[in-house]
Amino acid sequence: MNKRYDIKGMGCAACSARIEKCVGAMEGVRKVEVNLLANNMVVNFDESLCTSQDIMDTISDAGYEAFEEAEEDVHRRDPSEITKEHAGEMKRRFIVSLIFAVPLFVISMGSFIDKPAIYIVQALLVAPIIAINYKYFTVGFSLLAKRSPNMDSLIAVGAAAAVMITYFESAGMILTLVTLGKFLEARAKGKTGEAIEKLIAMAPDTAMVRRDGAVVEVPIEEIRAGDTVIVKPGESIPADGIITSGQTAVDESALTGESIPVDKGVGDAVSSATVNMSGLIELEVSRAGSDTTLSQIIKLVDEAGSSKAPIARTADKVAGIFVPVVMGIALLAFIIWVIAGGDVLRAATVGISVLVISCPCALGLATPVAIMVGTGKGAENGILIKSAEALEQAHKIDTVVLDKTGTITVGKPEVTDIIALEEGFDIFLAAGIEKYSTHPLAKAIVAAALEKPGEIPEPDSFEEIPGRGVCAVIDGKTYIAGNEAYMEAKGIEPDFDEGHELSARGKTVVYFAELDTDDLYPGEGKVAGVIALRDGPKPTSLKAVTLLENMGIDVIMLTGDNYGTSEAIKKEVGIDRVIAQVLPQDKDKVIENIQDGGQKIVAMVGDGINDAPAIIRSDVGVAIGSGTDIALDSADIVLVRDDLTDVARMIRLSRKVITNIKQNLFWAFFYNALGIPIAAGVLYPLTGWLLNPMIGAACMCLSSVCVVSNALRLRKLKLYQN
């Protein structure tokens, strides 16, 4: 089972690495992911081998506090709340520290007070700074004693060492600058969750519900499936449902990123957090609370932000040993300087500088901040990414395989031609034969018959043959309907020329044959008629293919339709390669062949239902046009809008996020690789210059802020620029 825990006491990547190591080593724990940014952890474990309390006890033994997250309505959960509280606390600590640090620094620079008096005044000024920042010392030394030091340990040891050698101004400024950095970092981290905050804010607090003949206002939490909800113009829709009364236009931009309102009427589905723009409507609630589209989107974004991308593993490995290594370098630098110069105070200054300039936080934040901002940005535009791994994998995509029906095409075929080859064949007989089929073509034929005056006959028996067609008995006569391959399999040899001509014009042809016997022996039947249907490309399909090809991506159409129809659609949308007449159960094998043993990174784009095997087989499975059905298990990424161009935008988002992560990791590694040797004094033989610990503290606080600020640039990314 999976459980989420909130964790207190984490200060840097060394903390998250330590917790992952301790919990991951427990018997029964299958997987553990600690999110430094969100201050939480998700654990998958076997309840028969360990309990939730065992996990919390293990975390406590490691020096941290863990709290099992209470079950709550997900659409009310604000993941940035803890970060904002932390930012507020750090702001208060910084202001108090600054009040005493300024005079402390001024006095240390002057010579107008006798030496003994200076030390007394400085001690009195540094005491409140230490007191307000006591957590650095309690947490830092506690974790050091448990042999799992973190960034607080570096700060605590550095500040304590400065106080011991009466560098009061250094100790005070180190604590003040580090607190400033923590405040700026926490404030920036809080902005990473703004996408979820905006989504949460879209849900109204109350709703007007019709109960017992009266209309009453109830909290949104009390809405249940089956309730009738009344929504006035300008109000947010409080739950998913079906309109039972009224006409309106609905602003769905909160869920899809599409700014143009969509007309809705009786029988149409609406989603929570969308806005009723014009008319008064009533709707019957189908999903409420944590089951709504909004809640599912928030859950997906939250889980994706809490997951860990493969690119983060290198940083995690480094972070796991970072602090002990830095402490070792500081000690080694101190010893070398004592041996080389004999000046203990100078050697201590070097050791303190090494401790306070290093920054494991930058390493730990490099990936999660970019992932959270990126997944939030995607959600704002109707691109729902289920995990950090899927987001990373998407940037490698070099081949996109597109299902035809409902993905490239509109997905609603319409009857265009009815050709009777035998007396008695018409649209009504065809609809009777197809009446109980679930295939889209059959539904289109039935719909065409219903639009005309006449009666559809009731079949005496019916059988559907997947991938081929149907068989039905009407008025004692046996009929089959299906594609050309089905006719040939039954030994029926019609003149397919006319059918081929229709296919060449981009139409799908369904053949109807009357059999001489209900035993379905081959060769005993004749074609009674032909019906052609047209499912044209979506208006954006040509543009989508062009966008993908301009990005250097190969585009392939994969369909069960015949080659004639497929070739016509291929020409209309500009696809170079088509693989047609593939049965649904064989599509995953086609994907495997395209992958070529891992040589190609393939994204399969389909409706997430008929294409599920192929979506699962692909490197990145994408469900498009899912609307409110966003929780498709088979897909890694769900594109809410029914717009194929979002595939290109999804890949663009992934590429931008991964580039941002690489920039962050480079900065974090480069900063520490450059700063620590300089603090250790490697430049002293050439320049005679040593780094002041206060400057080191200032550099440290800026490094994390730079990483987070760089990730926040993704919020300004324009996905809809072509």
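## Burial and overall dimensions

Of the 722 residues in the protein chain of this predicted model, buried residues make up 54%. The chain holds 27 helices and 26 strands, and its C-alpha trace spans about 120 × 65 × 50 Å along the principal axes. Its exposed area comes to about 30,900 Å², of which carbon and sulfur atoms supply 55%.

When contacts between residues at least 6 apart in sequence are considered, 69% of them join residues at least 24 apart. The chain carries 67 positive and 95 negative charges, and the mean positions of these two sets are 11 Å apart.

## The six-stranded sheet

Six strands form an open sheet with antiparallel pairing, in the order S6-S5-S7-S13-S8-S11. The edges are formed by strand S6 (214-219) and strand S11 (269-270), each of which pairs on one side only. Strands of a sheet pair through backbone hydrogen bonds, in either a parallel or an antiparallel sense.

Beginning at the S6 edge, strand S5 (residues 206-211) runs antiparallel to S6 and is joined to S6 by six bridges, with Ala207 standing opposite Val218 in S6. Further along the order, strand S7 (residues 228-231) and strand S13 (residues 281-287) run antiparallel and are joined by four bridges, and here Val229 stands opposite Leu283 of S13. Strand S13 also pairs in the antiparallel sense with strand S8 (residues 240-245), over five bridges, and Asp240 has Arg287 in S13 as its bridge partner.

## Lys264 and its surroundings

Lys264 lies in strand S10 (residues 262-264). With a relative accessible area of 13%, Lys264 falls under the 20% limit and is therefore buried. Apart from its neighbours within four places in sequence, Lys264 is in contact with Ile243, Gly246, Gln247, Thr248, Val250, Glu252, Ala269 and Val270.

## Helix H22 and the loop before it

The loop between strand S22 (554-558) and helix H22 (563-573) contains Thr559, which counts as buried at 2% relative accessibility. If residues up to four places away in sequence are not counted, Thr559 touches Lys404, Ser566, Ile579, Ala580, Gln581 and Val582. Ser566 is itself one of the buried residues of H22, a set that also includes Thr565, Ala568, Ile569, Lys570 and Val573. After H22 comes Gly574, whose phi is positive, near 80 degrees.

Within this helix, Glu567 forms a salt bridge with Lys570, and the closest N and O atoms are 3.7 Å apart. The two residues both lie in H22, three residues apart, which is about one turn of the helix. Their accessibility falls into two classes: Glu567 counts as partly exposed at 28% relative accessibility, whereas Lys570, at 17%, counts as buried.

## Salt bridges across the sequence

The structure holds 20 salt bridges. Side chains of opposite charge can pair when their charged atoms come close. One of the salt bridges is formed by Lys507 and Asp417, with the closest N and O atoms 2.7 Å apart. Because Lys507 lies in strand S20 (residues 507-515) and Asp417 in strand S16 (residues 414-420), this pair ties together parts that are 90 residues apart in sequence. Both Lys507 and Asp417 are buried.

Another salt bridge is that between Lys538 and Asp642, whose closest N and O atoms are 2.5 Å apart. Lys538 lies in the loop between strand S21 (525-534) and helix H21 (541-550), while Asp642 lies in the loop between strand S26 (637-639) and helix H25 (645-680), so the pair ties together parts that are 104 residues apart in sequence. Lys538 counts as buried at 6% relative accessibility, whereas Asp642 is partly exposed, with a relative accessible area of 46%. Salt bridges also link Arg641, Asp643, Asp646 and Arg649 in a network.

Conventions:
Residues numbered from 1 in each chain as written. Predicted model: local features only at pLDDT ≥ 70, side-chain atom pairs only at ≥ 80, totals over all residues. Heavy atoms only, no water. Buried < 20%, exposed > 50% of the residue type's maximum accessible area, 1.4 Å probe, protein only. Contact = heavy atoms within 4.5 Å. Pairing = 2+ DSSP bridges. Areas by Shrake-Rupley, 256 points an atom, 1.4 Å probe, with all protein chains shown as cover. Lys, Arg positive; Asp, Glu negative; His and termini not counted. Charge placed at Lys NZ, Arg CZ, Asp CG, Glu CD. Salt bridge = Lys/Arg side-chain N within 4 Å of Asp/Glu carboxyl O.
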